[in-house]
Amino acid sequence: MMAKKAAAAASQMYEVSPRVARQASVRPYQRERGAPLVRPLRIYTLDPSVSARLGGVATAPVPYEKLEPGPSGSVFHVVADGVPAPLSAEALNLDDPALLMSCGLTPTPMNGRFHLQMVYAVCSITYAAFRKALGRDIAWATTPPEGAPLRLTVRPFGFRGPNAGYSREAGDLSFGYFSAGRNPAGFVMRKGLISTALSHDIIAHETTHALLDGLRSLFAMPTNIDVPAFHEGFSDLVALFLHFSYAEVVERGIRESRGATTRGSLITDLAREFGYARSRAESGAALRSGVDVEGVAGFDSDVPLSKTDRPLSYDEAGSEPHQLGTVLVSAVFEAFTTVVRRKTERLFSIAGIDPAAANRGPISDALVKAIAQEASDVAGQFLNICIRGIDYCPPADMEFGEYLRAMITADSEMEQGDKWGFREALMRSFRRRCIFPDHVQFMTEDAMRWRSPDQRMRIPGLSFCDLRFDGEPGRAADVEELNRQAHALGAFVTDPRHAKMFQLVSPGTGLPKGITYASIPAVESVRVSRRVAPDGRVLFDLVAEVTQSCTVRRDGDLFDVNGGCTLIIDPEGEVRFAISKRFDSEARRARQHAAMRGPLRKFWKKTGRQFTVQKDILRRLHGSK
Ligand SMILES: [Zn+2]
C-alpha cells in the first residue's frame, strides 16, 4: 500500500491517517428549532419506463436542509454542466415558492431541471438512511477543499454512455445518458434519450459506493474476488431495500402485480415486477446485480420446493463482481421475503385467506395496505441490518462470510431475542448459497457471532465521559479531539503487550515469515455509533479501524497485504470486539496472489515484479463490462 502521511507527528509506534480528521469535514444540516422536518419532492421510484400506475412516481420525504440553487446542500452539490440536447437545465432553486407548493417539479424526462431534482432527492434519501442506521454523520472519502466543508459533487449529465460511476479521486458521482435501442422497454421512445440519473436504483447504488468508501476505504482494494463483488452487491441491497421501504409504492406494486404472474410469492412477484429479477444465464453486463428470483422462490414456503428451484450458489457464480454480487443480494433478499412471509401470515389468517393461495384469489384493499406496510417496515429493518453490518466488518480483504458474521453480531447486540427470525433467516439463506464463513463450525448464532476478547481491556481516554462532541454525540467535536482519540487508541493497540491481540506487528519486533517489510500501524478512524434498538433503547459505541500493510514476496513477485483490526469499544472504553484480519496466513497471501494474476487482473498494475493497485477502482468496476 502507498505510504500514508501521518496527520500528526505520531510516535514511531503508529501513525494517524488523514482520514481520522476527515470525519469533521462533513457537516450535514442541523435542524433549527421550527424548521421543517422534510422537504417533500416527487421522484421516479424506479425510472421513467415504469408507469405512475405501478407506483412509478412517489412523493419522497427528503430530509429538510437549507439549500442554495443547484440544488446545493450541506453534503451534495448538484451541477447542471454538460446538458445534452434537446434538454436544457440551469441551476434549480427548490426554495422557489411555486416548487415548495407542488412538491418540486413534475417528474418528466423532458425537463432537464427535473434530473437535478431527482438526483438530489435520491442521494439525500440514501445518505439519510445511513445516518439513521449508524446515528452519526458519514464523511466522504475524498480530500476536502482547504477550510471548506466537504460535499460530494453530483453530475446528472456526466457523460455519454450507458453507465454511471463514483470517483474518490474526483470527489463526484457522475451519471451517463444514452440513446435507447430500437425496442426499448416501457414508456421509452425508440432511440429516445435515456438518462441513468433518472433511475432511482442507479442513483442509490452510486451514492452507496461513495458512502461505503467513506466508511471503509480499503474495501476499494480488490484483494480477493469478494471485495469488488461486495461493493456491488451491497450497493444493490441498499437500493433495493430503499425501494421496498416506500409503503405506497409497495402497495401499488402489489395491486398491479397480482394476477400478472402465478409463480412465486407476493414479494418475489413484486421483485419481478419492479424489475429486480435476473436470470442466471445473464452475464454481468447490467449495471445492477439483481436478484436470482427463481432461487428465492424455492425457499419461500408458500411455494412448493422443487428440485429445479435451487439458488445460484457462491461456487457457481464465477468471479465477475456483478454476478457474484447477485449471490449476496439474493441471499439477503431471501431472508427478507422469509421474514415478510412470517409477519404477514397472521394478516392472511385474520382475513380468512390461505397464504399459499394469496397470489391468486382476490384480497381486500385493507389487507393489501396492511401487507404493504408490513413489507416496507421489514425492508427498513433489513436496510438497517445491512448498513450496521459494515461497522462490524474487518478493515480490509472483506469476505461475504465475514459480512454475515458482522450482520449477525451487530443485530444481536441490538436485540437479544430474534422473535421473527431475521438472523436465523439470514444464516439459512447464506448457507443455501454455500457462503460459509471461515473458522465457524456451526451455522448457529452463537458460533456465528464475533468473539469478544478473552481478557478485559479498557482503553484509557476513550470512555464516553472522556469524549468531546459538537453538541450531539453523532457529530465529532473537531479535528483536535478526533486526533486525541486516535492517539489514545494508537498508543494502546500498538503497545507490545496488546499488539498481537489486535493482529498488529509492533515496529521493532520480528517480522512474520515471508514478510519483507511491515508498515507502521495506522489509526484510520474513530467514530461514534448510536443505534436505536427496536424496543427503543439507544446503544452507544465507538467503532475504530487500525490497519497495517505488509510487503510479501511470493514466487518472486512483490505485493502488499493489508491487515489490521476493527474495534468496537463500549461507552466505558472497554473493547467489546476486536475483528481482525491477520497477515501471517499463507492461504490469504496465496489467494491474493492468484486473484491479482487471474480474475482481478484488470484492477492491478505490475511494474517489474511489483503489484500496485490501479487508480479509480470504483469507476473501473463499472467501466469494466
Ligand atoms: Zn456499482
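The side chains of Arg-342 and Glu-424 meet in a salt bridge, with 2.9 Å from N to O; the term denotes a side-chain nitrogen of Lys or Arg within 4 Å of a carboxyl oxygen of Asp or Glu. Arg-342 lies in helix α9 (residues 321-350) and Glu-424 in helix α12 (residues 422-432), so the pair ties together parts that are 82 residues apart in sequence. Helices (H or I, at least four residues) and strands (E, at least two) are DSSP runs, numbered from the N terminus.

I should state that this is a predicted model, in which local features need pLDDT of at least 70 and side-chain atom pairs count only at pLDDT 80 or more, while totals for chains, interfaces and linings use all residues. Residues are numbered from 1 along each chain as its sequence is written, and side-chain values use heavy atoms, leaving out hydrogens and water.

Are these two residues buried or exposed? Arg-342 is partly exposed at 21% relative accessibility, and Glu-424 is partly exposed at 34%. Here buried means under 20% relative accessible area, exposed over 50%, and partly exposed in between (1.4 Å probe, protein chains only).

Next, Glu-374 and Lys-343 form a salt bridge at 4.0 Å, N to O. Glu-374 belongs to helix α10 (residues 365-391) and Lys-343 to helix α9, 31 residues apart. Glu-374 is buried at 13%, as is Lys-343 at 10%.

Turning to strands, Asp-541 and Arg-531 meet at 3.3 Å, N to O. Asp-541 sits in strand β13 (residues 538-554) and Arg-531 in strand β12 (residues 522-532). Asp-541 is buried at 4%, and Arg-531 at 1%.

Finally, the whole structure holds 46 salt bridges.
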